[in-house]
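I sat down with this model to look up a few residues, the charged pairs and the enclosed spaces, and I kept my notes in the order in which I went.

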Amino acid sequence: MTYYVGKECIMCKHTDCVEVCPVDCFYEGENFLAINPDECIDCGVCEPECPVEAIRPDSADDPDKAEMLEVNKKFSSGPNKWPVLTAMIDALPDAEKYKPENYKEDKLPLLSENPGKGD
């Protein structure tokens, strides 16, 4: 089992999760975080830290699981790899607007492939 970041993170990018990760497996995009499934040790400490409940185990019953596992893998490894992020930074300015309870549309089209700054 590994953990992954779901669509809820897009346009929010809260980073409470990265500070508790013991293996630094979070990668920062412009408006999303990704978990490297090969680096994640399945400890689960990040999951309760996410204020929008975007982090889930790959055993979760999630209709977007396969797609989001691929997104996480794409941006946390290989040629498209984003920089690692290990310290908390401010959420995106419009994070409140894009919280799942406030934004009901599919957020995947809003995902930027641009990297964040990382540490």
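**Entry on tyrosine 103**

I began with tyrosine 103, whose place is in the segment after α2. I kept in mind throughout that the model is a predicted one. Is tyrosine 103 buried or exposed? I found a relative accessible area of 19% for tyrosine 103, which is under the 20% limit, so I entered the residue as buried. Leaving aside the neighbours within four places in sequence, I noted that tyrosine 103 is in contact with Lys97, Tyr98 and Leu110. I also looked up the separation from lysine 73, which stands 30 residues away along the chain, and the C-alpha atoms of tyrosine 103 and lysine 73 are 25 Å apart.

**Entry on asparagine 36**

I turned next to asparagine 36, which I located in the loop between β3 (33-35) and β4 (55-57). Its relative accessible area is 5%, and I therefore wrote asparagine 36 down as buried. Which backbone atom does the side chain of asparagine 36 reach? I traced that side chain to the backbone nitrogen of aspartate 38, at 2.7 Å. Once the neighbours within four places in sequence are left aside, the contacts I listed for asparagine 36 are Cys25, Tyr27, Ser76 and Ser77.

**Entry on the salt bridges**

How many salt bridges does the structure hold? I counted nine of them, and I took three for a fuller note. In general, side chains of opposite charge can pair when their charged atoms come close.

In one of the bridges, aspartate 106 pairs with lysine 7, with 3.0 Å between the closest N and O atoms. I placed aspartate 106 in the segment after α2 (65-76) and lysine 7 in the loop between β1 (3-5) and α1 (16-20), so this pair ties together parts that lie 99 residues apart in sequence. Aspartate 106 counts as partly exposed at 44% relative accessibility, whereas lysine 7, at 13%, counts as buried.

I then looked at aspartate 62 and arginine 56, which form a salt bridge whose closest N and O atoms are 3.4 Å apart. Aspartate 62 has a relative accessible area of 15% and is buried, and for arginine 56 I likewise read 15% and buried.

Glutamate 96 makes a salt bridge with lysine 99, the closest N and O atoms lying 3.7 Å from each other. I entered glutamate 96 as exposed, because its relative accessibility is 52% and the class starts over 50%. When I followed the salt bridges that share partners, I found Lys7, Asp64, Glu67 and Asp106 joined into one network.

**Entry on the cavities**

I finished with the enclosed spaces and found two cavities of 30 Å³ or more. For the largest cavity I noted a volume of about 70 Å³. Which of its 13 lining residues are the closest to the centre? They are Cys21, Cys25, Cys40, Cys43 and Cys46. By class, I sorted the lining of the largest cavity into eleven nonpolar residues, one polar and one charged.

The second largest cavity has a volume of about 50 Å³, and I recorded its lining as Val5, Cys9, His14, Cys17, Leu33, Cys50, Val52, Ala54 and Ile55. Eight residues of this second lining are nonpolar and one is polar, and I found no charged residue in it.

Conventions
Residues are numbered from 1 along each chain as its sequence is written. This is a predicted model: local features need pLDDT of at least 70, side-chain atom pairs count only at pLDDT 80 or more; totals for chains, interfaces and linings use all residues. Side-chain values use heavy atoms; hydrogens and water are left out. Helices (H or I, at least four residues) and strands (E, at least two) are DSSP runs, numbered from the N terminus. Buried means under 20% relative accessible area, exposed over 50%, partly exposed in between (1.4 Å probe, protein chains only). A polar contact is a pair of N or O atoms within 3.5 Å; within protein, one must be able to donate a hydrogen and the other to accept it, and residues adjacent in sequence count only if both atoms are side-chain atoms. Contact means heavy atoms within 4.5 Å. A salt bridge is a side-chain nitrogen of Lys or Arg within 4 Å of a carboxyl oxygen of Asp or Glu. On a 1 Å grid over the protein atoms alone, a cavity is a set of points where a 1.4 Å probe fits but cannot get out, and a pocket is an open set with protein on both sides within 12 Å along at least five of seven lines; lining residues have an atom within 4 Å of a point. Grid points are joined across faces, edges and corners, and a volume is the space filled by probe spheres set on the points. Ala, Val, Leu, Ile, Met, Phe, Trp, Tyr, Cys and Pro count as nonpolar, Asp, Glu, Lys and Arg as charged, and the others, Gly among them, as polar.
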